[in-house]
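I opened this model to look up how one chain is divided and how one of its sheets is built. My entries are below the structure.

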Amino acid sequence: MAYDKFNILKSSAVPLPIENVDTDQIIPARFLKATERKGFGDNLFRDWRYNSDNTPKEQFVLNNPIYSGKILVGGKNFGSGSSREHAAWAVYDYGFRCVVSSFFADIFRGNCLNIGVLPVQVSPEFLDKIFTAIEADPNTELEVNLPEETITILVTGEKEKFGINEYKKDNMTNGFDDIDYLLNVKEDIKTFAESRPF
Amino acid sequence: MSNTLFDKVWDSHVVKKIENGPDVFFIDRHLVHEVTSPVAFLGLKNRNIPVLYPERTFATADHNTPTINQHLPVADPLSANQLDALEKNSAEHGIPYWGLGHEKNGIVHVIGPENGITLPGATIVCGDSHTSTHGAFGAIAFGIGTSEVEMVLSTQCIMQPKPKSMRININGNLNFAVTPKDVALYIISKLTTSGATGYFVEYAGDVFKNMSMEGRMTVCNLSIEMGARGGMIAPDEKTFEYVKGREFAPKGQAWDKAMTYWETLYTENDATFDKELTFDAADIEPMITYGTNPGMGTGISNGIPMAESLDGGVATYKKSLAYMDFNEGEDIKGKQIDFVFLGSCTNGRIEDFRAFASIVKGRKKAANVTAWLVPGSHRVEDAIKEEGILDVLQEAGFELREPGCSACLAMNDDKIPAGKYAVSTSNRNFEGRQGPGSRTLLASPLVAAAAAVTGKVTDPRELMELQSV
């Protein structure tokens, strides 16, 4: 599925300074029963966000109206656990286009890149600076510049480079996906398949 | 440069390299289940393209299935709809589908090896992170997201950068009552849940050489819980013996040809790894987790660590203990529990039921414990009956359920209630993993059995000294 092109994103951010946020927290398994990619944002962080009677947990950041924006900032080892792409879909469907952390779990990072959510890995020190800036002013804006591979805290001007491979960068800035690429090399794949012993 | 086992298998599956980008990586065998596939099939429909190699694709229903009354229609309409979608999609694309009631039905990572789908030197993916299980056979096997499921269905390839390599060596002999599950929980407790992120792990040394295929599957299964994409063990005679004669394994001349290849699948003596770790088997005792990620595990005779002893992350640690309603420094042994779950792709194989039965034999299930014993497949279920294990379990007051993922992820009705404690042989103790508000203590089938008959966290060695195993 193609997605929106990603170039420069300027937005306020939602802070979630918790480590090891696993994909069962991002979206619990009982919400994986759909056969279409629709409505997952409603259940993003379901059990942290709502009580068992479906009333909002007021202390949770997504229920706090002073925080908003298209960037989610999480603690280290974000997205560990299950391979469910539903977690990335929930992040996207809620309205986030970028997740910032000092460390990402592999599969979650890959899933994000495949659906147009940019995972930005920063140093632990820079992550602290972002949390501090948001704490000081919830409206503080971050600028994520994909072509230049930089993230900037606009109010202080502090900036850090982040890494992404050229292929994925090209995909995201153009809104291409991997299947477009793979379908173009299908004949090479078929030739390769014939050489496989099993 | 000499190659590792991982290099040999990876490099032989690269169709094309992209400069500054991922490899176009060929997948030999693709396992599909009902939860992570429907949107991928929808993608094919939208692009109007077929499944390229249905004969390399195998579908089963496991995540979202009931574990009682499987002969009846599935009651939950959403679950029924998802199962129905997989059955229809499989039929439309010519993919073998082993749904509820089929003799080959079971947890995807249990039935792959059982049917000879899992082979040494193969690449195997599935929209499930515990696909790493199949690495026990010297395969490169890992979990993928739904976009990648769509890629594999449509092109039999994914776009994957080659991970870094790590070798974990454990030599010596395991202590009494220490199982493969304990070995894995021990490694994860040392590495943390992110310690192997970005790496593909090879397990080497006496401990893994001496392990059964079932044990190797348990260890490789848990590779993802330290962040590794997968783990693998070099195939040996034990592996070949296990694979030989299984339905989808090569036969006749094809077998001989495969054997010639498989015998080359080992790490060269002078090959190097990006990271290498060594542990001593003698240091490992029966393990149990006390927190909300699989890295929060300890030897069962130890106490819960103090936050001050940790290297950072104190707030997250305290949040985790608060969720469990445990305190720093207190004993884990003796904690009252409510549920026991034996099963999952981690510990739902025949060996796990044998281990569980060895402790409950001649004892009775504790009155305060609800136990869910869920075989990984119908084949496992059959073996439990044939070996007389079912009789042992029933005499001790246990019932056997029907195969599936069950309470491991609690997508079906097998949910641990809020606030209750479960000693579980599954793979994740995340908040709410086994049901909203549930509290999970991960452990081996022996520790689970000891809890099931005593009603509290109990060192299985205390029960095993009284009888021979």
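The entries cover the domains first and the sheet after that.

Entry 1, the model. I noted before anything else that this is a predicted model.

Entry 2, domains. I looked up the division of chain B and found domain 1 at 5-275 and domain 2 at 288-464. I then checked the spacing: the C-alpha centres of domain 1 of chain B and domain 2 of chain B are 24 Å apart.

Entry 3, contact between the domains. I found 37 residues of domain 1 of chain B in contact with 39 residues of domain 2 of chain B. Which elements give two or more residues to the domain 1 side of this contact in chain B? I listed helix H4 (108-114), helix H6 (180-191) and helix H8 (213-221) of chain B. I also sorted that side of domain 1 of chain B by class, which gave 11 nonpolar, 19 polar and seven charged residues.

Entry 4, the sheet. I traced an open sheet of four strands in chain B, with the order S11-S10-S9-S12 and parallel pairing. Why does one side of strand S11 (230-232) and of strand S12 (275-280) of chain B lack a neighbour in the sheet? Both strands stand at the edges and each has a single partner strand, so one side of each is left free of a neighbour. For the twist I noted an average turn of 20° between neighbouring strands of this sheet, direction ignored.

Entry 5, one strand pair. I followed strand S10 (residues 199-204) of chain B to S11(B) and found parallel pairing over three bridges. Within S11(B), I identified Gly231(B) as the bridge partner of Val201(B).

Methods: Residues numbered from 1 in each chain as written. Chains lettered and ligands numbered in written order. Predicted model: local features only at pLDDT ≥ 70, side-chain atom pairs only at ≥ 80, totals over all residues. Domains from an automatic or database assignment. Contact = placed C-beta atoms within 7 Å. Nonpolar A, V, L, I, M, F, W, Y, C, P; charged D, E, K, R; others polar. Pairing = 2+ DSSP bridges. Axes fitted to C-alpha atoms, helices over the stretch in contact; angles between N-to-C directions.
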